[in-house]
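This report introduces a single protein chain to a reader who has not met it before. It begins with one residue and its surroundings, then turns to the chain as a whole, its backbone and its charged pairs.

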Amino acid sequence: MPNSTSRREFMKATLAGGIGAGFASRGSALAPLGKPAGGGGNSAASPLPIKKAVLLGMLPKGLSYADRFKLARDVGFEAVEAYTTPDQREADEIKKAADDARVRIHSVMNQGHWEWPLSSSDPAVVEKSLNAMRTSLHNARLWGADTVLLVPGVVNPNTRYQDAWTRSQEQIRKLVPLAQELGVVIAVEEVWNKFLLSPLEMARYVDQFNSPWIKSYFDVGNVVLYGYPQDWILTLSKRVVKVHLKDFKRKEDCYAWVNLGDGDIDWGAVRQAFADIGYSGYATTELEGGDEAYLRDVSQRVDRLVLGR
């Protein structure tokens with residue numbers, strides 16, 4: 001998607017639809033699922049070593065890249081997740097801004113997998129999607145990021161669940177050699193695309209690649225409507241390489257994305273699940289953008305709700 005707003009709009013538009021499906025592929029046994037690290041003895045009472053990051057789209061767009069990265073650092077974030085940037089001059093500007101502010105770009109959110117899904121039956125569409133991923137992977141190498149977020153496919157009236165599974169895996173396998181060459185993990189995210197609707201499915205999908213270059217990018221808020229984020233975390237366990245943070249609120253006749261702590265997520269249970277699997281990677285806020293005061297409040301909410309500080 002071209003920006004985070006359209007990404008959220010897509011998620012809202014795709015809510016209506018069946019939830020729940022069986023495993024989509026045969027012939028590969030599911031690897032052992034995650035157990036709490038240390039036999040479940042870890043406690044989230046102590047602050048977690050998770051690193052705080054913010055999505056670039058949350059920072060004020062009226063500011064220069066240099067000022068956006070400085071603001072991210074000043075309000076308490078140590079890293080940023082950026083977007084696919086085909087223009088080399090702009091990509092270089094982003095790198096300089098991050099370096100000057102001493103803020104790491106830890107991940108790239110691929111753009112193009114919504115408009116050109118890898119699950120499409122049209123070879124021209126798939127090639128555009130692959131090219132977007134190649135650009136994202138090269139962006140990641142330039143910026144020093146170690147993951148690229150990928151939405152692997154979309155189930156719709158023209159694409160059956162099984163086809164989304166097999167087509168997307170076939171295309172992702174074509175990207176693995178480049179990911180390995182560049183040292184960048186392809187991180188598959190669960191979203192409202194009517195695909196990979198349970199933690200068991202996501203685990204199986206990732207395991208079938210049998211590659212250290214394919215992992216899970218877990219979004220805490222995306223599963224609340226039909227599951228429990230703490231369950232997903234414990235099931236996916238070491239498959240989780242990066243995390244998105246947002247909250248979700250059910251209302252009497254609707255639902256809404258809300259700020260962290262204002263929704264239905266049991267953050268204590270989520271924090272404990274992260275402690276149990278020993279997660280110490282980056283957690284990136286994916287919320288509406290705002291000014292310095294708002295961003296500082298978001299940063300403090302991450303400290304309190306997720307890190308336990």
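Helices, of at least four residues, and strands, of at least two, are DSSP runs that are numbered from the N terminus. In this predicted model, His244 belongs to strand S7, which covers residues 240–245. His244 is buried, because its relative accessibility is 0%. Its side chain is engaged in a polar contact with the side chain of Tyr217, at 3.3 Å.

**The chain as a whole**

The chain contains 9 helices and 10 strands. Of its 309 residues, 56% are buried. Among the contacts with a separation of 6 or more, 81% are between residues 24 or more positions apart. The exposed surface of the chain amounts to about 12800 Å², and carbon and sulfur atoms contribute 50% of that area.

**Two residues with positive phi**

Most residues other than glycine have a negative phi. Against that background, two loop residues deserve attention. Lys194, which is not a glycine, has a positive phi of about 60°. Its place is the loop that runs between strand S5 (185–189) and helix H6 (199–207). Lys194 counts as partly exposed because its relative accessibility is 24%.

Asn210 is also a residue other than glycine, and its phi is positive, near 50°. Asn210 sits in the loop between H6 and strand S6 (214–219). With a relative accessible area of 71%, Asn210 is exposed.

**Salt bridges**

How many salt bridges does a search of the whole structure find? The search finds 17. Three of the pairs are listed below.

| Pair | N to O distance |
|---|---|
| Asp74 and Arg73 | 3.2 Å |
| Lys246 and Asp219 | 2.5 Å |
| Arg301 and Asp262 | 3.2 Å |

In the salt bridge between the side chains of Asp74 and Arg73, Asp74 is partly exposed at 43% relative accessibility. Arg73 is likewise partly exposed, with a relative accessible area of 28%.

Lys246 and Asp219 form a salt bridge whose closest N and O atoms are 2.5 Å apart. This pair links distant parts of the chain, for Lys246 is in the loop between S7 and strand S8 (247–250) while Asp219 is in strand S6, 27 residues apart. Are these partners buried or exposed? Lys246 is buried, with a relative accessible area of 3%, and Asp219 is buried at 0% relative accessibility.

Arg301 and Asp262 are also joined by a salt bridge, with 3.2 Å between the closest N and O atoms. Arg301 lies in helix H9 (residues 292–307) and Asp262 in the loop between strand S9 (255–258) and helix H8 (267–277), so this salt bridge ties together parts that are 39 residues apart in sequence. Arg301 is buried, because its relative accessible area of 15% is under the 20% limit for that class. Asp262, by contrast, is partly exposed, with a relative accessible area of 40%.

Finally, Lys52, Asp303 and Arg309 are joined into one network by salt bridges that share partners.

Definitions and conventions
Residues are numbered from 1 along each chain as its sequence is written. This is a predicted model: local features need pLDDT of at least 70, side-chain atom pairs count only at pLDDT 80 or more; totals for chains, interfaces and linings use all residues. Side-chain values use heavy atoms; hydrogens and water are left out. Buried means under 20% relative accessible area, exposed over 50%, partly exposed in between (1.4 Å probe, protein chains only). A polar contact is a pair of N or O atoms within 3.5 Å; within protein, one must be able to donate a hydrogen and the other to accept it, and residues adjacent in sequence count only if both atoms are side-chain atoms. Contact means heavy atoms within 4.5 Å. Accessible areas come from the Shrake-Rupley method with a 1.4 Å probe; for residues, only the protein chains shown count as cover. A salt bridge is a side-chain nitrogen of Lys or Arg within 4 Å of a carboxyl oxygen of Asp or Glu.
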